[in-house]
Amino acid sequence: MSGTSSPSSAPASPAPDALELAALLCSRVCHDLISPVGAIVNGLEVLDDNPKPEDREFALDLIRKSAKTASARLQFCRLAFGAAGSSGAQIDLGDAQAMARGHLEDGKTTITWNLPRVLLPKNRVKLLLNMMVIAQQTIPRGGVLTVDPVGEGDGAGFRVAASGLNARMPQNIADLLSSGQVSIVDAHAVQPYYTRLLAQASGLSVVLAPEGDAIVVTAS
């Protein structure tokens with residue numbers, strides 16, 4: 001028998017319980033909102049100092065842009081992480097597309113959306129939005145997120161391909177998505193872990209893997 005141990009033989013960390021998972025998700029949402037809300041506060045402080053006209057206009061522009069960003073992030077987080085209706089609720093994919101564009105599209109990243117406008121169970125829509133967040137993280141310098149269906153009918157899944165300059169494959173996220181074991185789950189790791197839970201609740205498996213020049217997240 002070999003004296004070396006494989007990574008899979010390492011003891012699994014305990015999965016977070018419901019209270020800890022809720023706390024970690026709240027931390028993640030707060031992290032997403034701190035930056036634009038802080039910018040709004042900074043803009044208001046500039047206005048309170050009776051600034052010159054050009055400084056006043058700069059502050060107002062900062063407040064407008066930051067408020068728009070905060071609103072888009074709140075709407076996205078409500079759908080991706082929140083309750084979004086009753087346990088059996090269905091969500092319009094058209095609404096999901098609008099939330100995704102508002103939050104993820106910017107001067108660097110664009111979305112090619114190839115899904116029909118249909119109603120789907122909320123956990124599947126939440127799964128899709130979380131897959132898009134993961135895909136965006138693989139193209140830190142921006143690029144294109146291409147969203148396609150996988151299969152048909154009640155068991156259909158999704159494919160999100162991220163293409164961009166210096167696309168990278170974060171192995172820790174891939175492990176959190178597909179491993180049978182649970183590594184340390186903190187506020188940074190909770191989002192891919194939550195994505196895995198959503199896939200399991202939807203009867204799907206989610207995988208992150210390179211395909212040519214792209215990094216692809218697939219739930220099937």
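**Close-up views of a predicted model**

**View 1. Glutamine 191 and the residues around it.** Let's start with glutamine 191, which sits in helix 6. Keep in mind that this is a predicted model. Is glutamine 191 buried or exposed? It's buried, because its relative accessible area is 0% and the cut-off for buried is under 20%. Who does it touch once residues up to four places away in sequence are set aside? Glutamine 191 touches Arg28, Phe81, Asn130, Val133, Ile134 and Gln137. Hang on to the name Phe81, as the next view picks it up.

**View 2. An aromatic pair, phenylalanine 81 with tyrosine 194.** How many aromatic pairs does the count come to? Just one aromatic pair. Its two members are phenylalanine 81 and tyrosine 194, with 6.2 Å from centre to centre. Their planes are 55 degrees apart, and the pair is tilted. Phenylalanine 81 belongs to helix 2 (residues 53–81) and tyrosine 194 to helix 6 (residues 190–201), so the pair ties together parts that are 113 residues apart in sequence. Both partners are tucked away: phenylalanine 81 counts as buried at 12% relative accessibility, and tyrosine 194 counts as buried at 11%.

**View 3. Leucine 25 beside the aromatic pair.** Leucine 25 comes from helix 1. With a relative accessible area of 11%, leucine 25 is buried. Which residues is leucine 25 in contact with, leaving aside its neighbours within four places in sequence? They are Phe81, Val190 and Tyr194, so both members of the aromatic pair are on that list. Leucine 25 and phenylalanine 81 are 56 residues apart along the chain, yet their C-alpha atoms are separated by 7.4 Å.

**View 4. The largest pocket and its lining.** Here's some open space: the largest pocket holds about 750 Å³. How many residues line it? There are 32, and those nearest the centre are Arg28, Asp32, Val133, Gln136 and Gln137. Which helices supply at least two residues each to this lining? Helix 1 (18–48), helix 2, helix 3 (93–104), helix 4 (122–137), helix 5 (171–178) and helix 6 each do. As for chemical character, the lining of the largest pocket divides into 11 nonpolar, 13 polar and eight charged residues.

**View 5. Threonine 109 in strand 2.** Now for a strand: threonine 109 lies in strand 2 (residues 109–113). At 3% relative accessibility, threonine 109 counts as buried. Not counting residues up to four places away in sequence, threonine 109 touches Leu104, Gln136, Gly142, Gly143 and Leu145. You've already met Gln136, one of the residues nearest the centre of the largest pocket.

**View 6. The hairpin of strand 6 and strand 7.** Strand 6 (residues 206–211) and strand 7 (residues 214–219) run antiparallel, joined by six bridges. Leucine 208 stands opposite valine 217, which is in strand 7. The two strands form a hairpin with two residues between them. What about glycine 212 in the turn? Glycine 212 has a positive phi of about 65 degrees.

**View 7. Stepping back to the whole protein.** Zoom out and you can pick out six helices and seven strands. From the N terminus on, the elements run α-α-β-α-β-β-α-β-β-α-α-β-β. Of the 220 residues in the protein, 41% are buried. Among contacts with a separation of 6 or more, 68% are accounted for by residues 24 or more positions apart.

Methods. Residues numbered from 1 in each chain as written. Predicted model: local features only at pLDDT ≥ 70, side-chain atom pairs only at ≥ 80, totals over all residues. Heavy atoms only, no water. Phe/Tyr/Trp six-rings, centres within 6.5 Å; stacked < 30°, edge-to-face > 60°. Helix = DSSP H or I, 4+ residues; strand = E, 2+ residues; numbered from the N terminus. Buried < 20%, exposed > 50% of the residue type's maximum accessible area, 1.4 Å probe, protein only. 1 Å grid on protein atoms, 1.4 Å probe; cavity = no way out; pocket = protein on both sides within 12 Å on 5 of 7 lines; lining within 4 Å. Points joined across faces, edges and corners; volume = space filled by probe spheres on them. Nonpolar A, V, L, I, M, F, W, Y, C, P; charged D, E, K, R; others polar. Contact = heavy atoms within 4.5 Å. Pairing = 2+ DSSP bridges.
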